[in-house]
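Q: I have a new model open on my screen and would like to learn how to read it. Could you walk me through it?

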Amino acid sequence: MRQRRARLVLVGTVTIAAGILGTTLLVSADGSTSKWTSLRPAQLERTEVAAARVGHSIYVIGGFEKSDGVETSSAVERYDVNRNRWDRARSMPIALNHASAVAYRGDVYVVGGHTIGPPGETARLYRYDPSTNRWKRLGDMPTARGAATASVIGDHLYVAGGAGGGKALDTLEIYGFKTKRWREGPDMPTPREHLASAAADGAFYVFAGRAAGKGNLDVVERYSPTRDRWQRLPHMLKPRGGIAAVALGRKIVVFGGEEGAATIAEVEIFDTVKRRWSNLPRMKTPRHGVGGAVLNRRVYAIEGGPQSGFHYSNVIEALDVPRS
């Protein structure tokens, strides 16, 4: 697959000269913005990607890639947050869509996904080491599935939900990074796929998703590792599936998704202390199958389909979330 060279962008203290966008993007002296703003487009146009940040690099992994047909991708793109530049990292050993990605101690872990488009679920777990630019296959999780969600708490990887065998799953499985072993956790109360999650306050928060015959869900559930049990929390403001979520301290931002023939522009933030939802600025380019990442208080929405179904984009946009 041909690699394209990223172009340079000039960064000043007050403005970014964004010739690739055809506009000049106004920002504050510290680089913050008050709405979603466009950054340098990715090299590939994809949807149903996975994403994880290590340091100042965001790795965007797999998904469906724009081509003459429906092509599952093994490609890995790396976005340099400081330089607003893209390059390519070593591709995955296999092509995957609807996988989940997390970061742990400087490495990227990719789990589950579909190998050729549903069905075709996999239970594989891979680790990518950015320092060597190499992938290694680790022990498979007990349940093969795609469109699941994953987060890291301490030295453990939590994987919940997803689709397997043609149905939405309630399965929770936990991997010990130090023990290199999987174990089963208590089932999630609501089976669902195309959901999202984030870790905050030592707990695993799981958001929305969908299930056959039920459409999009607005359900929020939290798993406490210390209590080994699930708890229902206040519903989201809008049902959604095909989404991303990122944690900013004790708050979690959820964005993206699709409904019917449209994608979802509304962005929500959940206060885990007050257990309250509120709205953030709407996405500039609504997408489903979008990758999510965060650095400091800047949220990144990466690639994904701007229309329902098999549509693709190379869009990356950022939102600075103020402290409150």
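**Reading strands, sheets and a core**

A: Happily! This is a predicted model. Let's start with one strand: β28, residues 241-248, is mostly covered, with 7 of its 8 residues buried.

Q: What does β28 pair with, and how many bridges join them?

A: The general idea comes first: strands of a sheet pair through backbone hydrogen bonds, either parallel or antiparallel. In this model, β28 runs antiparallel to β29 (residues 251-259), and 7 bridges join the two. To find your place along the pair, look for Ala247, which stands opposite Ile252 in β29. The two strands form a hairpin with 2 residues between them. In that turn, Gly249 has a positive phi of about 65 degrees.

Q: How many helices and strands does the whole protein chain have?

A: The protein chain has 35 strands and 0 helices. Of its 324 residues, 56% count as buried. Its accessible surface comes to about 14,200 Å², and carbon and sulfur atoms account for 47% of that. You can also ask how far apart in sequence the contacting residues lie. Among contacts between residues at least 6 apart, 49% join residues at least 24 apart.

Q: Now for a sheet. In what order do the strands β12, β13, β14 and β15 lie?

A: To read a sheet, follow the strand order and then look for the edges. Here the 4 strands make an open sheet in the order β12-β13-β14-β15, with antiparallel pairing. The edge strands are β12 (100-104) and β15 (134-138), each of which pairs on one side only. Neighbouring strands of this sheet are turned by 25 degrees against each other on average, direction ignored.

Q: Which residues are bridge partners between β12 and β13?

A: Two examples will help you get your bearings: Ala101 has Val110 of β13 as its bridge partner, and Tyr104 has Asp107. Overall, β12 and β13 (residues 107-111) pair in the antiparallel sense over 5 bridges. They too form a hairpin with 2 residues between the strands, where Arg105 takes a positive phi near 50 degrees.

Q: And what lies on the other side, with β14?

A: β13 pairs with β14 (residues 125-129) in the antiparallel sense over 4 bridges. One of the partners to look up is Tyr128 in β14, which is matched with Val108.

Q: Are the residues of β13 buried or exposed?

A: For burial, count the residues of the strand and then check each face. In β13, 5 of its 5 residues are buried. Asp107, Tyr109 and Val111 cover one side, Val108 and Val110 lie on the other, and all of these are buried.

Q: Which residues of the largest nonpolar core touch the most other members?

A: In a core, look for the members with many neighbours. This core has 17 residues, and those touching the most other members are Tyr59, Ile61, Val76, Met92, Val108, Val110 and Trp135. At least two residues come from each of β6 (50-54), β7 (57-61), β13 and β14. The largest share, 3 residues, comes from β6.

Q: What is Val76 in contact with?

A: Set aside its neighbours within four places in sequence, and its contacts include Tyr59, Ile61, Met92 and Trp135. Also among them are Arg46, Asp87, Arg88 and Arg90.

Note on methods:
Residues are numbered from 1 along each chain as its sequence is written. This is a predicted model: local features need pLDDT of at least 70, side-chain atom pairs count only at pLDDT 80 or more; totals for chains, interfaces and linings use all residues. Side-chain values use heavy atoms; hydrogens and water are left out. Two strands pair if DSSP finds at least two bridges between them. Axes are lines fitted to C-alpha atoms, for helices over the stretch in contact, and angles run from 0 to 180 degrees between N-to-C directions. Buried means under 20% relative accessible area, exposed over 50%, partly exposed in between (1.4 Å probe, protein chains only). Contact means heavy atoms within 4.5 Å. Accessible areas come from the Shrake-Rupley method with a 1.4 Å probe; for residues, only the protein chains shown count as cover. A nonpolar core is a set of buried Ala, Val, Leu, Ile, Met, Phe, Trp, Tyr and Cys residues joined through side-chain atoms within 4.5 Å.
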